[in-house]
Amino acid sequence: MDQLFQKIDPSNLATTIASGDKRGKSSSMTIKESNNSTEEQEQTKRLKLSPSFSPDSKNQYKGWTVPHDGFLLPTIQFKTNKDFTSSSSSSSSSITPQDFFQNYINQRRPVVINGIPSDLHHILKWTDNEYLISKAGNESVMVEERKSSNDSFGQGNEVSMSFDEFVKLVQEGDDRHYLTTQDVQANEDGRPDLMASFMKVLQDDFPLRPHLMGHLIPQNINLWMGNNNNTKAQPEGEKDHGTSSGLHHDYHDNLYIVLRGKKKFRLYGPNDTELMYTRGKLAMVHPNGRINYEGEMTTAYGADWKADSAARASRAKDEAEKKLLEAEEAVREGKAGAQEMLERAEAMMEDAMEALIDAEVDSGDDECDDDDGEEDDGDGEDDDDEEDDESDIDFGGGNQVNTEEEDEDEVDKGTCREPRLVDKTVKNPNNFSIVDPSLLVDNDQELQEKYPLLQQAKSAFCEVQAGQMLYLPASWFHEVRSFGCEGGHLAVNYWFHPPDASDFERPYSSDFWPNDYRERFM
């Protein structure tokens with residue numbers, strides 16, 4: 001199979017910063033036979049370059065693309081009768097984490113997975129609301145609120161309440177409130193945690209890194225819960241269209257696990273970014289699909305360039321110190337060539353310190369400039385404040401906001417400002433489309449009139465039922481419609497930093513995220 005990503009020499013990167021490892025087990029899987037076209041099957045064997053790709057193009061996406069409009073995603077089936085711990089299988093149709101990486105993650109190809117692997121089975125207890133309340137009922141949560149049942153979520157309007165108060169609303173049939181991603185505090189180093197305190201009280205029930213996802217580094221873990229009016233009787237002749245998330249993309253790879261109710265996804269590939277009417281002004285689409293907007297430039301694996309530079313400079317200084325100590329010891333022992341070793345080590349240390357100072361100065365210029373006019377006026381809603389939030393990233397390179405699948409605000413480091421929350425909701429996020437989601441349902445004429453470019457994009461669809469999962473690569477546009485049941489619809493998701501290399505063992509071109517995760521969680 002052709003490889004999507006080429007290895008990148010870390011020395012050629014302008015560089016970055018990071019996140020995760022408690023490993024579980026994964027079931028064997030078999031591919032369910034699909035009735036999609038021969039063209040689609042052919043794409044499982046080779047990559048199809050985006051028609052818009054060129055060396056000078058903003059859109060350099062090189063992953064899998066939707067073969068035709070209205071395409072139905074295939075489903076792969078877990079084999080529950082297999083030994084989850086076995087690394088081999090007699091069945092030629094089984095798929096390992098390595099296979100999953102090569103066939104889907106590396107291809108940047110979304111897929112529905114029928115079944116939940118064994119290392120995630122404990123989250124099935126969460127389908128009992130009373131169990132969740134017993135574990136986390138007193139925890140404070142931020143809940144999205146919409147004005148009416150006809151509005152979509154993802155507008156950045158939140159209210160605070162206890163988790164048991166929220167569950168009570170859901171059980172009473174309320175459909176104006178939705179539990180999505182929670183605000184996450186950064187530590188004293190400016191590094192965001194993997195989850196909010198609400199999720200931490202549930203942490204005994206899930207692994208930090210599902211085995212299926214191989215060596216991807218987690219960025220955030222969340223619980224999604226809400227209701228919609230399809231639990232009520234619909235007027236005669238009216239269809240229930242579910243609760244819409246709004247059309248948007250996220251910045252990280254997503255493993256989305258439905259525990260109750262169902263989700264219907266409308267998808268568009270990163271190759272169609274220019275047709276999506278995003279609020280943000282597109283700067284570029286990386287080959288792995290990671291989207292950058294103007295003022296939000298990151299590496300392909302989603303880290304801020306300056307933060308990565310600082311991390312690389314720090315590692316180079318540590319290595320130079322080690323070499324210098326070894327050379328000094330060699331001189332004391334009178335070893336042959338020791339003086340030359342010392343001179344090389346001193347030169348290495350000088351270069352490392354110069355790079356470290358440069359990185360710190362660059363970071364300080366952004367964070368401590370008294371003349372940048374970025375003072376908060378306190379209302380929390382004006383456009384200038386939002387732009388500040390989305391441009392001075394240190395950790396995560398996120399630019400995210402509260403969406404159906406993902407949020408990530410930025411963290412300031414240093415002495416100039418107090419560290420802020422990450423995963424913090426902002427108004428009118430760049431990664432959302434201005435397309436009215438109500439027009440995506442049975443309203444082709446008005447959609448064509450108002451948003452003609454969208455009609456040129458190729459859509460894909462899937463339905464994810466309780467007991468199924470969706471793997472969705474970073475920056476795939478999607479509109480999600482949630483359909484509830486008694487107790488409300490419920491899902492869990494993991495976000496992972498998007499890989500940009502083709503090696504299963506080393507899916508990132510830099511050690512930035514793996515090093516950060518090891519330092520914090522292993």
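**Group meeting: strands, a helix and one serine**

Let me begin with a single pairing, in which Met225 stands opposite Leu490 in strand 19. Please keep in mind throughout that what we are looking at is a predicted model.

That pairing belongs to a longer stretch, since strand 9 and strand 19, which covers residues 489-496, pair in the antiparallel sense over 8 bridges. Strand 9 also has strand 7, residues 177-179, as a partner, and here too the sense is antiparallel, with 2 bridges. Met225 turns up again in this second pairing, because the term "opposite" applies to Leu179 as well: Leu179 stands opposite Met225 in strand 9. How many of the residues of strand 9 are buried? The count is 9 of the 9, over residues 218-226, so strand 9 is largely enclosed by the rest of the structure.

For those of you new to this, strands of a sheet pair through backbone hydrogen bonds, and they may do so in a parallel or an antiparallel way.

Let me step back to the whole protein for a moment, which has 10 helices and 19 strands. Of its 522 residues, 55% are buried, and its accessible surface comes to about 22400 Å², with 45% of that belonging to carbon and sulfur atoms.

Now to another sheet, an open one formed by 5 strands in the order 2-16-12-18-10, with mixed pairing. Its edge strands are strand 2, at 71-72, and strand 10, at 243-244, each of which pairs on one side only. Further in, strand 12, residues 262-268, runs antiparallel to strand 16 and is joined to it by 7 bridges.

One residue of strand 16 that I would like to follow is Ser459, which is the bridge partner of Tyr268. Is Ser459 buried or exposed? Its relative accessibility is 4%, and since buried means under 20%, Ser459 counts as buried. Its side chain makes a polar contact, at 2.6 Å, with the side chain of Asp69. If we leave aside neighbours within four places in sequence, the residues in contact with Ser459 include Val66, His68, Gly70 and Phe71, and also Arg266 and Leu267.

Finally, a helix: in helix 2, residues 97-105, the buried residues are Pro97, Phe100, Phe101, Tyr104 and Ile105. They cover an arc of only 110 degrees around the axis, which means that they lie on the same side of helix 2. It helps to recall that an α-helix has 3.6 residues a turn, so residues three or four places apart point the same way.

Terms used
Residues numbered from 1 in each chain as written. Predicted model: local features only at pLDDT ≥ 70, side-chain atom pairs only at ≥ 80, totals over all residues. Heavy atoms only, no water. Buried < 20%, exposed > 50% of the residue type's maximum accessible area, 1.4 Å probe, protein only. Helix = DSSP H or I, 4+ residues; strand = E, 2+ residues; numbered from the N terminus. Polar contact = N/O pair within 3.5 Å; in protein donor to acceptor, adjacent residues only side chain to side chain. Contact = heavy atoms within 4.5 Å. Areas by Shrake-Rupley, 256 points an atom, 1.4 Å probe, with all protein chains shown as cover. Arc of directions from axis to C-beta.
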